[in-house]
Amino acid sequence: MKVVVADDYEDLSRRAAAWLHRTLAGINNPTVVLPTGNTPVGLYRNLAADPNSQFLGNARFIQLDEYQGIPREDSRTLAGWFWRVFLQPLSIRKSALLSFDPSVPDPDGEAERMDAAATQTGIDVCVLGLGQNGHLGFNEPGSDFKSRTRVVDLSEESIKSNAAYWGDKGQVPRRAFTLGLATLASSKHTLLLVSGAHKAGILTATLKAPQSPQVPATCLKSFRDVTVIADRSALPAGD
Ligand code: GLP
């Protein structure tokens, strides 16, 4: 894994936009997976402000993760967030995103449908955030590295960190869809974004601990072409 050190969050966001630009150059109609959360907001802001971001216009996006068991029209779906924070500011049509339907009566079938779609086109580029418990998407601690797209129970930590989007912890859905770790591993290029001192411990584990499902992000060591962009505050002291 290549580790790039950014001075601060702004620098990380600029570098992430440049990485995406460079990596997508020359790929026709790429299939791209992008994260939600606080970390990528600066990246999306940079892309929206850059007149050269039309390169994303011919991309197809596959949703990384989504809550399960809520109406599709609920404004708190991750697809709704992605529309407001990424697609709409970049004037990308809604249909460019292949999303999970959080309300389907057969969630397992829905997960299979999404996995088949990702397998059929392949993933060219995947950008990920890092959960404070080491999760990627909603692949929580204990996730098998061979896992495919599926429905998972959210960990207590994820419920807590998603509470801000739901008013309070009690409102957060208990289950979610996520692309699986093996599904993500098929990506040709992967970028992990890590910002803030509260991520320093889990970033150290991701980079230095032996691979283990207890820290799902350690599976990145087996992915092809992985770049980590971390700001200084997220880096362990002395690195
Ligand atoms: C969330 C999402 C992930 C995201 C991660 C980090 O719960 N399921 O896709 O990357 O946690 O979020 P943040 O960037 O807000 O720290």
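The dialogue below walks through the sheet, one helix, one loop residue and the ligand site of this structure.

User: What kind of model is this, and how are residues numbered?

Analyst: This is a predicted model, in which local features need pLDDT of at least 70 and side-chain atom pairs count only at pLDDT 80 or more, while totals for chains, interfaces and linings use all residues. Residues are numbered from 1 along each chain as its sequence is written, and side-chain values use heavy atoms, with hydrogens and water left out.

User: How should I read the sheet, and what is the order of its strands?

Analyst: Strands of a sheet pair through backbone hydrogen bonds, either parallel or antiparallel. Helices (H or I, at least four residues) and strands (E, at least two) are DSSP runs numbered from the N terminus, and two strands pair if DSSP finds at least two bridges between them. Here an open sheet of 7 strands has the order β1-β10-β9-β6-β2-β3-β5, with parallel pairing. Its edge strands are β1 (2–6) and β5 (97–98), each of which pairs on one side only.

User: Which strands does β9 pair with, and over how many bridges?

Analyst: Strand β6 (residues 125–129) is joined to β9 by 5 bridges, with V125 opposite H189 in β9. β9 and β10 also pair in the parallel sense over 5 bridges, and there T190 stands opposite V226 in β10. Elsewhere, β2 (residues 31–33) and β3 (residues 60–62) run parallel over 2 bridges, where V32 faces F61 in β3.

User: Why is β9 described as largely enclosed?

Analyst: Buried means under 20% relative accessible area, exposed over 50%, and partly exposed in between, using a 1.4 Å probe and protein chains only. Because 5 of the 6 residues of β9 are buried, this strand is largely enclosed by the rest of the structure.

User: Where does helix α7 pack, and which of its residues are buried?

Analyst: An α-helix has 3.6 residues a turn, so residues three or four places apart point the same way. In α7, the buried residues are A200, I202, L203, A205 and T206, and they pack against β9 and β10. Contact means heavy atoms within 4.5 Å.

User: What does the loop residue R224 touch?

Analyst: R224 lies in the loop between α7 and β10 and is partly exposed, with a relative accessible area of 46%. Leaving aside its neighbours within four places in sequence, R224 is in contact with A185, S186, S187, K188 and T190. R224 and S186 are 38 residues apart in sequence and 8.1 Å apart in space, C-alpha to C-alpha, yet the side chain of R224 reaches the backbone oxygen of S186 at 2.7 Å. A polar contact is a pair of N or O atoms within 3.5 Å; within protein, one must be able to donate a hydrogen and the other to accept it, and residues adjacent in sequence count only if both atoms are side-chain atoms.

User: Which residues come nearest to the ligand, and which polar atoms face it?

Analyst: A residue is near a molecule if one of its heavy atoms lies within 4 Å of it. Of the 13 residues around the ligand, N38, T39, D65, H135 and K199 come nearest. A polar side-chain atom of K199 lies 2.7 Å from a ligand oxygen, one of N162 lies 3.2 Å from an oxygen atom of the ligand, and a polar backbone atom of G137 is 3.1 Å from a ligand nitrogen.

User: Is H135 buried or exposed?

Analyst: H135, found in the loop between β6 and β7 (150–153), is buried, with a relative accessible area of 10%.
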